[in-house]
Amino acid sequence: MTERLRQQGIREPRVLQAMATVPRHLFVDAALASRAYEDSAMPIGHGQTISRPYIVARCVELLLEAIAQPQSASVLEIGTGCGYAAAVLAQLFGTVVTVERLRPLHELARANLRPLRLPNLRLVFGDGSLGIPGQPPFDGIVAAAAGAELPPAWLAQLRNERRLVAPLGVGAQRLVVAHKDAAGRISQRTVEAVRFVPLKPGTG
Ligand code: SAH
């Protein structure tokens, strides 16, 4: 899988290492385990999917390249799903908080992640479009679900001079990197076309 990721343009050794470390087959249904290292999204139940390895690696790489000291950085992920990307993030960043709006998937991720024993990873059940109330700003934010625009709570919870990586759009989607400058101003650029599940409000 890492060789393919390299061919797809993922160059950062720490990302390739993290992708090689986390056993993706633990995060998919037993019936799909033999295909766990293919570069495809797969169903995880409740109409949701585990993202393809390439897109996880790409998002993580975009976060990592902007953070000088990842070991002391805090990262927020919106859309835990089965917990795979959260496990990859936890290999690289000091603290990872991941939020999921569907209770059964929140529980599934908890079960999937238990054997990996990642003390720096916190799973939260809730509507991630509201951010994590009461939490200090994050050094990086990554979303795994696409809305029509970036929720203001995400931009508010991003520390100055840090970036957010998120899919954006309904129908046609693009991956965007939003940067918050020293004065708190946001600028945005498009990385590439993507396809994520929709960002939905509320919990279920
Ligand atoms: N990170 C996962 C991707 C899961 S798919 C991986 O490792 O592959 C995206 C997830 O985002 C789905 O589980 C969906 O339920 C969740 N989601 C959608 N809207 C959300 C919201 N407002 N808050 C939290 N999670 C949300």
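**Definitions and model.** A residue is called buried when its relative accessible area is under 20%, exposed when that area is over 50%, and partly exposed in between, using a 1.4 Å probe and the protein chains only. The model shown is a predicted one, in which local features need pLDDT of at least 70 and side-chain atom pairs count only at pLDDT 80 or more, while totals for chains, interfaces and linings use all residues. Residues are numbered from 1 along each chain as its sequence is written, and side-chain values use heavy atoms, with hydrogens and water left out.

**View 1. The residues around the ligand.** The ligand is surrounded by 25 residues, each with a heavy atom within 4 Å of it. Ser51, Glu100, Asp127, Gly128 and Lys200 are the closest of these residues. By residue type, the shell around the ligand divides into 11 nonpolar, 9 polar and 5 charged residues, where Ala, Val, Leu, Ile, Met, Phe, Trp, Tyr, Cys and Pro count as nonpolar, Asp, Glu, Lys and Arg as charged, and the others, Gly among them, as polar.

**View 2. Polar contacts of the ligand and the cover around it.** Polar contacts are pairs of N or O atoms within 3.5 Å; within protein, one atom must be able to donate a hydrogen and the other to accept it, and residues adjacent in sequence count only if both atoms are side-chain atoms. A polar backbone atom of Ser51 lies 2.7 Å from an oxygen atom of the ligand, and a polar backbone atom of Ala85 lies 2.9 Å from an oxygen atom of the ligand. With Asp127 the contact is made by the side chain, one of whose polar atoms is 2.9 Å from a nitrogen atom of the ligand. The ligand taken alone exposes 580 Å², and the protein buries 99% of that area, as computed by the Shrake-Rupley method with a 1.4 Å probe. The elements that give two or more residues to the shell around the ligand are strand S2 (48–50), helix H4 (84–92), strand S4 (95–100) and strand S11 (197–198); such elements are DSSP runs numbered from the N terminus, with helices (H or I) of at least four residues and strands (E) of at least two. With 3 residues, S2 gives the most to this shell.

**View 3. Helix H4 and its surroundings.** Because 8 of the 9 residues of H4 are buried, this helix is largely enclosed by the rest of the structure. Its buried residues are Tyr84, Ala85, Ala86, Ala87, Val88, Leu89, Ala90 and Leu92. Ala85 is also the residue whose backbone meets an oxygen atom of the ligand at 2.9 Å.

**View 4. Arg163 and Leu62.** Arg163 is part of strand S8, which covers residues 158–168, and it is buried because its relative accessible area is 14%. A polar atom of the Arg163 side chain lies 2.6 Å from the backbone oxygen of Leu62.

**View 5. Two loop residues with positive phi.** Most residues other than glycine have a negative phi. His46, in the loop between strand S1 (42–45) and S2, has a positive phi of about 60 degrees although it is not a glycine. Arg117, in the loop between helix H5 (103–113) and strand S5 (121–125), likewise is not a glycine and has a positive phi of about 45 degrees. Arg117 counts as exposed because its relative accessibility is 71%.

**View 6. Val96 in strand S4 and Ile78 in strand S3.** Val96 lies in strand S4 and, at 0% relative accessibility, counts as buried. The C-alpha atoms of Val96 and Leu118 are separated by 9.7 Å, with the two residues 22 apart along the chain. Ile78 belongs to strand S3, residues 74–78, and is buried with a relative accessible area of 3%. Between the C-alpha atoms of Ile78 and Glu65, which are 13 residues apart along the chain, the separation is 19 Å.

**View 7. Arg189 in strand S10.** Arg189 is placed in strand S10, residues 186–194, and counts as partly exposed at 41% relative accessibility. Its C-alpha atom is separated by 28 Å from that of Met1, a residue 188 places away along the chain.
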